Amino acid sequence: MSSYIKNIDFFKGNKPEDLVSEFGTPLYVYNESVIRKQMRKVEGLIKKYPYTANYSIKSNSNLSILKIALEEGLNADAMSVNEMRILLLAGFPAERIFFVPNNVSSEELTFAHDNNIITSLDSIDQLDRFGKLFPGSRCAVRINPGVGAGHHEKVVTAGKKTKFAIAEEDIDTVFEVAAKYDLKIVGINQHVGSLYMVPDPFIAAIGNFLRIARKFPNLEFIDFGGGFGTPYHKLNDEAPFDIDKLSKEMEPILDDFVSDYGYAPLFKSEPGRYCVAESSLILGRVFATKSNYGHKYAGTDIGMNVLARPTLYDSWHDIEVIRNNEVVSLEDGTDVITVTGNICESGDILAKERELPIIKTEDLVAVLDAGAYGYSMSSSYNLRPRCAEVLIQEDGNVKLIRRRETFEDLISLF
Ligand code: LLP
């Protein structure tokens, strides 16, 4: 597609220059309809058996987005005390929250326990700590099935070389520790990796996980994890992740399991990116253009402090150029150009030597697919305050859903 912004009428009639004159740049802009559409798709993944999608809030924990997830009927997973607290604040009841931490203190485990939030333990050591603290309790364990997948080695969360979860060969020890403290293992979970673009690795992962699940009697739930991908190359017509195909391909595997196991426990998934990535773009301003030793640069205010993914994982985010509120077409001429931020690091690069419409100083750039692991991984490096976030609501009205940080916010901790 030549323009995502035009294709889905992203701004719903609002003018990008009006948004940035009211809220400043850089600015995270979210489209509520996209969030709801994606959340409904994951809700429909398993229809035949009891199922919930747990929205993985590490991808985006803006309170307004959590309230949308709650309204859409999603459950949620949390990685920390504050993620649990913000879910409670958003109105999620304890039974709709799943705590899936790693390497946490007794205080964090106690917070979950005191709030009746079920916890998954990620090592024998943590299971032992939990057992000592709360003998006789219900809990889950996270299993590492020995194989992983993902878009970058830094996001592969299972397999023989990651810090996550309990190896399959240690399952007997899980049962020993559980027996020692009279713990009831009511659920098992896995998360194999992030950003599958086709169902096959997820299908393989659930088949394998259900084989392991057969070793656990009386499970109340089985959580397959997240990882459903986002087409980050949508301007080059990359196809979206086909969740309907996944749904169909999962069905016989679930049928087999249920008939062997004797009943259907609650099945869960844990999507983060799929729910929110495409719902947001970052608007930033081009403040300088130049050519250095034959290489062209467009310098914007969207630095690695605003969006860390390109620097951290070499991730690709499509970029559209906006001039006088209109998306500039590739047909009006192109340049091969590197788009950078304003941070004092040579790795502060949004797009390297990319063919883009000709960019002029004072243009706006829109960095697409920024809704997942965008704001939530942003920082105040170089003492740049974190951005504001606005939501284009379904009726087209714009709502400020997080104000921009100020200098006073930054120094208030000293
Ligand atoms: N469940 C667990 C236990 C996880 O560790 C994760 C992500 C998810 C669910 C959600 O995965 P998703 O559906 O969003 O792929 N910052 C990286 C991604 C790190 C993912 C970490 N775990 C990125 O920007 O690509």
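I will talk about the ligand in this predicted model and then about the two largest pockets.

Let me start with the ligand, which sits in the largest pocket, and whose shell of 18 residues has Ser194, Glu270, Arg309, Tyr313 and Tyr373 as the nearest. Divided by class, that shell holds 5 nonpolar, 7 polar and 6 charged residues. Turning to individual contacts, a polar side-chain atom of Arg309 is found 2.6 Å from an oxygen atom of the ligand, while a backbone N or O atom of Arg273 lies 2.8 Å from a ligand oxygen atom. On the nitrogen side, the side chain of Tyr313 places an N or O atom 2.7 Å from a nitrogen atom of the ligand. Taken on its own, the ligand has 580 Å² of accessible area, and the protein covers 94% of that.

Now to the pocket itself, which has a volume of about 630 Å³. It is lined by 29 residues, with Lys58, Thr157, Phe164, His191 and Tyr373 closest to its centre, and the elements contributing two or more residues to that lining are helix H11 (273-276) and helix H12 (309-313). By class, the lining of this largest pocket comprises 10 nonpolar, 10 polar and 9 charged residues.

The second largest pocket, finally, has a volume of about 410 Å³, and among its 19 lining residues Ser2, Leu235, Leu330, Glu355 and Pro357 lie nearest the centre. Here strand S13 (319-323) and strand S16 (349-357) are the elements that each give two or more residues to the lining, and S16 gives the most, with 4 residues. The class split for this second lining is 9 nonpolar, 4 polar and 6 charged.

Key:
Residues are numbered from 1 along each chain as its sequence is written. This is a predicted model: local features need pLDDT of at least 70, side-chain atom pairs count only at pLDDT 80 or more; totals for chains, interfaces and linings use all residues. Side-chain values use heavy atoms; hydrogens and water are left out. A residue is near a molecule or strand if one of its heavy atoms lies within 4 Å of it. A polar contact is a pair of N or O atoms within 3.5 Å; within protein, one must be able to donate a hydrogen and the other to accept it, and residues adjacent in sequence count only if both atoms are side-chain atoms. Accessible areas come from the Shrake-Rupley method with a 1.4 Å probe; for residues, only the protein chains shown count as cover. On a 1 Å grid over the protein atoms alone, a cavity is a set of points where a 1.4 Å probe fits but cannot get out, and a pocket is an open set with protein on both sides within 12 Å along at least five of seven lines; lining residues have an atom within 4 Å of a point. A molecule sits in a cavity or pocket if more than half of its atoms lie within 2 Å of its grid points. Ala, Val, Leu, Ile, Met, Phe, Trp, Tyr, Cys and Pro count as nonpolar, Asp, Glu, Lys and Arg as charged, and the others, Gly among them, as polar. Grid points are joined across faces, edges and corners, and a volume is the space filled by probe spheres set on the points.
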